[in-house]
Amino acid sequence: MDTRETIPKGGTFYPLVMELFEKKQPAAILYDDNGVTRANGLIEDVFDRDGKKWFRLEDQTEIRIDKLYAINGTFSSDYSEC
């Protein structure tokens, strides 16, 4: 049986994003950008914009936290592409 780590339904990736940011650890990300998109790198900033939480990678890619499907092997509970 395959298993994978998921965040609870209705949960958020925010604590995981903050942990990676504070520890300066690399992030491997899947997110929605008009389709499943991959990104990798160090998180250099976490910020609010228009009432939403965002983060910026070292390559200046900005990603809304609620658009994440997975980060470092932890998946959204409703993501079923893999």
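Contact here means heavy atoms within 4.5 Å. On that basis, residues 24 or more positions apart account for 50% of the protein's contacts with a separation of 6 or more.

The model is a predicted one, so to speak of local features takes a pLDDT of at least 70, side-chain atom pairs count only at pLDDT 80 or more, and totals for chains, interfaces and linings use all residues. Residues are numbered from 1 along each chain as its sequence is written, and side-chain values use heavy atoms, with hydrogens and water left out.

As for the overall fold, there are one helix and seven strands, taken as DSSP runs (H or I over at least four residues for helices, E over at least two for strands) and numbered from the N terminus. Read from that end, the order is β-α-β-β-β-β-β-β. The radius of gyration is 12 Å, close to the 12 Å that the globule rule gives for 82 residues, so the protein is as compact as a globular protein of that length; the radius is taken over C-alpha atoms, and the rule is 2.2 Å times the number of residues to the power 0.38. The C-alpha trace spans about 35 × 25 × 20 Å along its principal axes. Some 34% of the 82 residues are buried, where buried means under 20% relative accessible area, exposed over 50%, and partly exposed in between (1.4 Å probe, protein chains only).

Next come the strand pairings, where a pair needs at least two DSSP bridges. β2 and β3 pair antiparallel over seven bridges, with Asp32 opposite Val36 in β3. Their hairpin has three residues between the strands, and Asn34 takes a positive phi near 60 degrees there. On to β3 and β4: these are antiparallel too, over six bridges, and Asp48 has Lys53 of β4 as its bridge partner. Two residues separate the strands in this hairpin, where Asp50 has a positive phi near 55 degrees. β4 in turn is joined to β5 (residues 62-64) by three antiparallel bridges, and Arg56 stands opposite Glu62 in β5. The hairpin of β4 and β5 has four residues between the strands, with Gln60 in the turn at a positive phi of about 80 degrees. Back at β2, three bridges link this strand to β6, again antiparallel, and Leu30 faces Ala70 in β6 across the pairing.

Then there is the inside. The largest nonpolar core (buried Ala, Val, Leu, Ile, Met, Phe, Trp, Tyr and Cys residues joined through side-chain atoms within 4.5 Å) has 17 residues, and those with the most contacts inside it are Val17, Ile29, Ile43, Phe55, Ile63 and Leu68. Two or more core residues come from each of α1 (14-23), β2 (26-32), β3 (36-49), β4 (52-57) and β6 (68-71). Leaving aside neighbours within four places in sequence, Val17 is in contact with Ile43, Val46, Phe55, Ile65, Leu68 and Ile71.

Finally, a pair of serines. Ser76 sits in strand β7 and is buried, at 10% relative accessible area. Apart from residues up to four places away in sequence, Ser76 touches Arg4, Thr6, Ile7, Phe13, Leu68 and Tyr69. Ser77 lies in the segment after β7 (74-76) and is partly exposed, at 33% relative accessibility. With the same residues up to four places away left out, Ser77 touches Thr6, Ile7, Pro8 and Lys9. Ser77 and Gln60 are 17 residues apart in sequence and 27 Å apart in space, C-alpha to C-alpha.
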